[in-house]
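Reader: I have a structure open here that is new to me, and I would like to go through it piece by piece. Could you walk me through it?

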Amino acid sequence: MDYIVLDMEWNQPWPGSPSAKKVLPVQIRGEIIQIGAVRLTEDLTVADEFQVLIRPKYYRRLNRRISKLTGIKESQLNEAGIPFPEAMEKFQAWCGSDIIFLTWGFDDITMLRENLRLFGMDENWVSRWYNAQMIFNSQTDGSTAQKALKTAMEMFEIPSTRPAHDALGDAYHTALICARLDLKKGTEEYGAALQSHVNGFHGAELPGCISRKVFYDYADKRAALSAQAGAENKCPTCGRQMLGSRWFAQPGRRYMDLATCPEHGQFLVRVRLSDQPDGTVRVSRLTYEATSEAAAVYARRAEKADPEERSSAKRRYRRSKLPEK
């Protein structure tokens with residue numbers, strides 16, 4: 001069994017351009033123009049390499065920003081690039097059969113699958129994969145943030161010897177990082193590391209956020225909000241069920257409520273709903289200190305409610321700011 005450390009570059013049409021308005025057989029976020037890969041043997045030895053330029057079929061005009069970032073020129077793709085199906089045949093033959101893909105991030109495999117689907121090619125051979133960022137985090141500082149490749153290299157004191165934003169260069173540096181990890185243990189514990197990332201802080205939270213958790217498979221919005229106000233409305237300190245008041249709607253399918261724990265007082269709860277491909281609803285739940293900026297947002301929203309609701313919400317917010325006796 002080998003690990004295939006994969007990195008890719010892809011082209012995206014300029015917003016508003018004719019390419020951006022094209023109706024494609026399958027919706028894609030970008031068309032792959034370069035693949036780089038490095039093989040790691042089971043004993044974590046860095047072995048052979050693979051790279052190929054791909055001549056795009058649909059987004060033929062190379063985005064200026066992509067060209068500047070990667071150093072790839074449109075003329076290079078036209079002269080040295082090969083069609084995507086041919087590139088995939090070469091790549092799959094190089095990979096072999098008993099393989100596990102490793103990427104630095106979540107996007108590469110998703111992009112590869114989209115492009116395979118676009119050309120009517122089999123996707124099953126890329127189904128075994130892991131985001132090496134999650135394994136790196138769990139075996140280093142335990143953080144939940146996605147670290148840049150450069151940051152991980154600095155943490156392991158790995159010198160940069162290949163160009164950045166080049167598919168093979170980034171794959172090579174990722175392989176050097178992966179060679180220092182316990183990949184067997186990392187893949188076995190990947191589910192826990194991934195869940196830690198999902199429930200962890202991502203940097204977009206308002207000040208005063210003390211917990212984040214994600215929930216899945218609600219039938220609809222009503223079921224999601226009912227669960228978040230009921231069985232899943234747990235105190236972040238002791239885990240006891242809290243008593244909510246009412247949800248206030250915010251833009252972007254976001255809702256907020258001021259909930260109360262019998263022992264630890266009040267907390268501001270904000271949830272964001274999103275639809276999943278299978279039709280169910282996903283909930284991202286953030287819990288804030290009741291004296292936080294987010295709670296102040298709740299109080300301002302309460303000012304716009306009807307008089308009875310406004311009075312009740314203001315009293316709850318004011319109580320939350322009183323010092324404990």
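**Strands, helices and a pocket**

Author: Let us begin with one pair of residues: S211 stands opposite T287, which belongs to β10. Please keep in mind throughout that this is a predicted model.

Reader: OK, and in which sense do β6 and β10 pair, and over how many bridges?

Author: β6 and β10, the latter made of residues 281-289, pair in the antiparallel sense, and seven bridges link them.

Reader: What is the strand order in the sheet that holds β6 and β10?

Author: The order is β6-β10-β9-β8-β7, in an open sheet of five strands with antiparallel pairing. At the edges stand β6 (209-218) and β7 (248-250), and each has a single partner strand, so one side of each is left without a neighbour in the sheet. From one strand to the next, the twist averages 25°.

Reader: How do β7 and β8 connect?

Author: They form a hairpin with three residues between them, and in the turn G252 has a positive phi of about 75°. The pairing of β7 with β8 is antiparallel and covers three bridges, and F248 has M256 in β8 as its bridge partner.

Reader: And what about β8 and β9, how many bridges join those?

Author: Eight bridges join β8 to β9 (residues 265-275), and the two run antiparallel. β8 and β9 also form a hairpin, again with three residues between them, and the bridge partner of C261 is G265 in β9.

Reader: Is β8 largely enclosed or largely open, and why?

Author: Strand β8 covers residues 254-261, and six of its eight residues are buried, so β8 is largely enclosed by the rest of the structure. Buried here means a relative accessible area under 20%.

Reader: Let me switch to the sheet with β1 in it. What is its order?

Author: That one is an open sheet of five strands in the order β3-β2-β1-β4-β5, and its pairing is mixed. β3 (46-53) and β5 stand at the edges with a single partner strand each, so one side of each has no neighbour in the sheet. On average, neighbouring strands of this sheet are turned by 25° against each other, direction ignored.

Reader: How do β2 and β3 pair?

Author: β2 and β3 pair over six bridges in the antiparallel sense, and G36 has Q51 in β3 as its bridge partner. On this sheet packs α4, which touches β1, β2, β4 and β5, and the direction of α4 makes about 70° with that of β1. α7 packs on the sheet as well, touching β1, β2, β3 and β4, with its direction at about 30° to that of β2.

Reader: While we are at β3, is E49 buried or exposed, or something in between?

Author: E49, which is found in strand β3, is partly exposed, with a relative accessible area of 34%. Leaving out residues up to four places away in sequence, E49 touches A37, V38, W94, R162, L168 and Y172. The C-alpha atoms of E49 and D107 are separated by 21 Å, and the two residues are 58 apart along the chain.

Reader: Back to α4, then. Which residues are buried there, and what do they pack against?

Author: The buried residues in α4 are D108, I109, M111, L112, E114, N115, L116 and L118. They pack against β1 (2-11), β2 (31-40), α3 (84-95), β4 (99-103) and β5 (129-131).

Reader: What span should α4 have for its number of residues?

Author: Helix α4 has 12 residues, 107-118, and at 1.5 Å a residue they should span 16 Å, which agrees with the 16 Å between its end C-alpha atoms. After α4 comes G120, whose phi is positive, near 65°.

Reader: Last topic: which residues lie nearest the centre of the largest pocket?

Author: Those are D7, E9, L149, H165 and D170, out of 23 residues that line the largest pocket. About 590 Å³ of space lies in this pocket. At least two residues of its lining come from each of β1, α1 (64-70), α4, α6 (149-155) and α7 (167-178).

Notes: Residues numbered from 1 in each chain as written. Predicted model: local features only at pLDDT ≥ 70, side-chain atom pairs only at ≥ 80, totals over all residues. Heavy atoms only, no water. Helix = DSSP H or I, 4+ residues; strand = E, 2+ residues; numbered from the N terminus. Expected span 1.5 Å × (residues − 1). Buried < 20%, exposed > 50% of the residue type's maximum accessible area, 1.4 Å probe, protein only. Contact = heavy atoms within 4.5 Å. Pairing = 2+ DSSP bridges. Axes fitted to C-alpha atoms, helices over the stretch in contact; angles between N-to-C directions. 1 Å grid on protein atoms, 1.4 Å probe; cavity = no way out; pocket = protein on both sides within 12 Å on 5 of 7 lines; lining within 4 Å. Points joined across faces, edges and corners; volume = space filled by probe spheres on them.
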